[in-house]
Amino acid sequence: MSHRLKALGRRSIERPQAQHRTDGPQMPKYRLEWLNIRPGLDGIVKRLTRRQRVRLCLHGFPGSGKTALARHLAERLGRKLTTAHASSLLDKYVGGTEAKLAALFEQAREQNAVLLLDEVDTLLMQRDNGMQSWEISHTNELLVQIENFAGILLATTNRVDSLDCAVMRRFDLKVEFLPLAPEPLRDLLKAVLPERDHARLATIPTNHLASRCLTPGNVRTALDQLDLRGLPLRLNTLMDALTLEEREQHGKRQFISLYKIQPSQHGCL
């Protein structure tokens, strides 16, 4: 259209560019202090710096910091982080997935990179009679690549119980990601809440926060929900949204109001 207007000697009408909103609730940059993992971070770093070949399975709640840990480990080791989502490696053609897997591991090998394979359960489900032959072929190929990889491999999953038993034996260490501990949870809530709610947040008992099953990912989703629903960001509305997130995560959909949090209250929020 603009070319046609120019040919006619007329000025084109410039459309205003869409502006990104920045007035909504903001999630702070991930902090390593929020990590709650077993075994601890220091022990993992020592293992990786001592050994050139390590295969870790990072498993636990969604949004608990698995990718953040991978970035930190690559940075500590001074290596590039190569990331691939397992679903992106699936190919509709016979042998295509196997070829993509081989190319990915070869790339990490040539670059001496830390390889992060995200959502690995997509490719490493338990092999049984219900699986198709091509699914078994994918699993077998990945097992071979993991076995022969001489570098550092990090594989993430939120469904560790579904992984093939032979797969689990190939991992040198299983790192479990747990929900936020009480004080890191308080620290994260303080970072996102307005200052006028900080004093009230400080009165919530530690055992109160310890009873919650929340991750930084839950907090991010709760902030988005408040923004989309046009609700103000206050302590009560945020805790309400977080409770809904918890119940959705565990398959319970009823909504509980949290507009009357008292400093002396105990138990689950």
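Helices, counted from the N terminus, are DSSP runs of H or I with at least four residues, and strands are runs of E with at least two. With these terms, Asn112 is placed in the loop between helix 4 (96–111) and strand 4 (114–118). The structure in these views is a predicted model.

**View A. Asn112 and Glu119, two residues other than glycine with positive phi**. In the loop that joins helix 4 (96–111) to strand 4 (114–118), Asn112 has a phi near 50°. Asn112 is partly exposed, its relative accessible area being 45%. Glu119 lies in the loop between strand 4 and helix 5 (133–148), and its phi is positive as well, at about 55°. With a relative accessible area of 37%, Glu119 is partly exposed, because this class covers values between the 20% limit for buried and the 50% limit for exposed.

**View B. The cis peptide bond between Arg38 and Pro39**. The bond that leads from Arg38 to Pro39 is cis, and its omega is near -5°. Pro39 belongs to the loop between strand 1 (37–38) and helix 2 (41–50), while Arg38, on the other side of this bond, stands opposite Glu176 in strand 6.

**View C. Strand 6 with its partners, strand 1 and strand 2**. Strand 1 pairs with strand 6 in the antiparallel sense over two bridges, whereas strand 2 (residues 54–60) pairs with strand 6 in the parallel sense over five bridges. Within the parallel pairing, Leu173 of strand 6 is the bridge partner of Leu56.

**View D. The two faces of strand 6 (residues 173–177)**. In a regular strand the side chains alternate between the two faces of the sheet. Along strand 6, Leu173, Val175 and Phe177 point to one face and are buried, while Lys174 and Glu176 point to the other face and are not buried.

**View E. Helix 10 (residues 216–228) and the helices it packs against**. Helix 10 has 13 residues and reaches 19 Å from its first C-alpha to its last, which is close to the 18 Å expected at 1.5 Å a residue. The buried residues of helix 10 are Pro216, Gly217, Asn218, Val219, Ala222, Leu223 and Leu226, and they pack against helix 7 (182–192) and helix 11 (235–249). An α-helix has 3.6 residues a turn, so residues three or four places apart point the same way. After helix 10 comes Gly230, with a positive phi near 70°.

Conventions
Residues are numbered from 1 along each chain as its sequence is written. This is a predicted model: local features need pLDDT of at least 70, side-chain atom pairs count only at pLDDT 80 or more; totals for chains, interfaces and linings use all residues. Side-chain values use heavy atoms; hydrogens and water are left out. Buried means under 20% relative accessible area, exposed over 50%, partly exposed in between (1.4 Å probe, protein chains only). Two strands pair if DSSP finds at least two bridges between them. The expected span of a helix is 1.5 Å times one less than its number of residues. Contact means heavy atoms within 4.5 Å.
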